[in-house]
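User: Could you walk me through this structure?

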Amino acid sequence: MIVPGSASQSLAAALAAETGEELASVVYDSFPDGELIAATPGFDADRAVIVASTISAGTHLEVLQLQDAVREAGAREVITVLPYMGYARQDDAHDPSGQERSGFPISARAVARALSVGTDRIITVNPHEQAVTTFFDVPAEALDAAPRLANPLPDDLIEPLFLAPDEGAIGLAGGVRDAYGGGQTDHFEKTRLSSDTVEIAPSDATAAERDIVVVDDIVATGSTMSESITHLADQGPERIFVACIHPVFAGEARTTLARAGVEAIVATDTIERSVTAVSVAPILADAL
Ligand code: R5P
């Protein structure tokens with residue numbers, strides 16, 4: 001049975017359709033003191049597949065409750081799918097400016113340990129660092145959704161350049177390019193100055209009169225993308241597209257990218273947003 005977290009209801013429904021498994025009914029409620037409760041009153045299956053992006057403190061807690069609820073209801077196997085794993089970017093002890101500091105937690109590890117207690121297996125999608133899977137105390141795997149991002153792009157891209165804003169996203173840019181079926185890849189160099197400020201050093205790749213697809217794992221504040229686009233725009237490209245796996249889109253990110261002159265933004269449904277253009281359900285179904 002597929003059990004949806006409150007932030008992943010469309011994806012869970014798509015996964016149920018893809019696998020033919022039943023979709024559980026879940027109650028999300030709260031008590032008068034503000035404490036949250038997520039429950040699966042009609043759950044009746046041997047296997048529970050909880051599908052829940054942890055995009056907030058409340059949705060983290062919800063996963064713990066759902067894991068417990070399905071066990072109480074008799075599930076013998078619990079698989080927890082974290083399409084977007086919140087706190088995964090805190091994979092070492094650093095403060096919000098990115099400075100490594102003693103006394104700061106490795107939040108990704110703390111969260112992973114807590115989520116391991118009530119499950120037999122974890123599946124996540126493009127965590128910021130693959131190594132985050134080693135923080136779990138149960139078998140954990142990270143799926144790659146980058147090839148899915150090629151599908152919503154126009155078929156008629158002009159001499160496309162698939163560009164990563166930093167070295168860490170080169171594999172993603174290559175994955176989208178390969179799935180698209182042609183084009184060049186390149187990457188910029190990024191230095192993070194604070195949680196919402198980055199400095200980008202451009203590459204030699206020429207953007208003039210070409211369509212550019214800037215590919216990253218996450219758009220959070222949008223500063224990485226907008227800085228990259230500023231450098232590209234100077235060269236007179238045809239169109240600039242943004243492709244990302246996880247559309248966090250915090251604060252003014254959407255406006256920031258619109259003002260930067262982006263033609264279109266394409267993202268997956270690991271976080272359900274208006275820019276979601278493609279589902280990761282097929283790759284999750286394959287992994288189950
Ligand atoms: C970090 O290196 C990630 O790959 C993304 O580039 C980053 O999370 C994007 O964050 P923002 O949109 O705030 O620049």
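User: Where does the ligand sit, as far as pockets go?
Analyst: The ligand takes up the space of the largest pocket, a pocket being, on a 1 Å grid over the protein atoms alone, an open set of points where a 1.4 Å probe fits, with protein on both sides within 12 Å along at least five of seven lines. This is a predicted model, in which local features need pLDDT of at least 70 and side-chain atom pairs pLDDT 80 or more, while totals for chains, interfaces and linings use all residues. Residues are numbered from 1 along each chain as its sequence is written, and side-chain values use heavy atoms, without hydrogens and water.

User: How many residues surround the ligand?
Analyst: The shell holds 14 residues (a heavy atom within 4 Å of the ligand), and R89, D216, D217, T221 and T224 are the closest.

User: Which element gives the largest share of that shell?
Analyst: That is β12, with four residues; β10 (189–194), β12 (211–219) and α5 (223–233) each supply at least two, where helices (H or I, at least four residues) and strands (E, at least two) are DSSP runs numbered from the N terminus.

User: And what polar contacts are there?
Analyst: Among the polar contacts (N or O atoms within 3.5 Å), a polar side-chain atom of D216 lies 2.5 Å from a ligand oxygen atom, and one of R89 lies 2.6 Å from a ligand oxygen atom.

User: Changing topic, how many aromatic pairs does a search of the whole structure find?
Analyst: The search finds one (ring centres within 6.5 Å): F162 and Y180 are tilted (neither under 30 nor over 60 degrees), at 5.8 Å centre to centre and 50° between the planes.

Methods: A polar contact is a pair of N or O atoms within 3.5 Å; within protein, one must be able to donate a hydrogen and the other to accept it, and residues adjacent in sequence count only if both atoms are side-chain atoms. On a 1 Å grid over the protein atoms alone, a cavity is a set of points where a 1.4 Å probe fits but cannot get out, and a pocket is an open set with protein on both sides within 12 Å along at least five of seven lines; lining residues have an atom within 4 Å of a point. A molecule sits in a cavity or pocket if more than half of its atoms lie within 2 Å of its grid points. Rings of Phe, Tyr and Trp (its six-membered ring) pair if their centres lie within 6.5 Å; planes under 30 degrees apart count as stacked, over 60 as edge-to-face and the rest as tilted.
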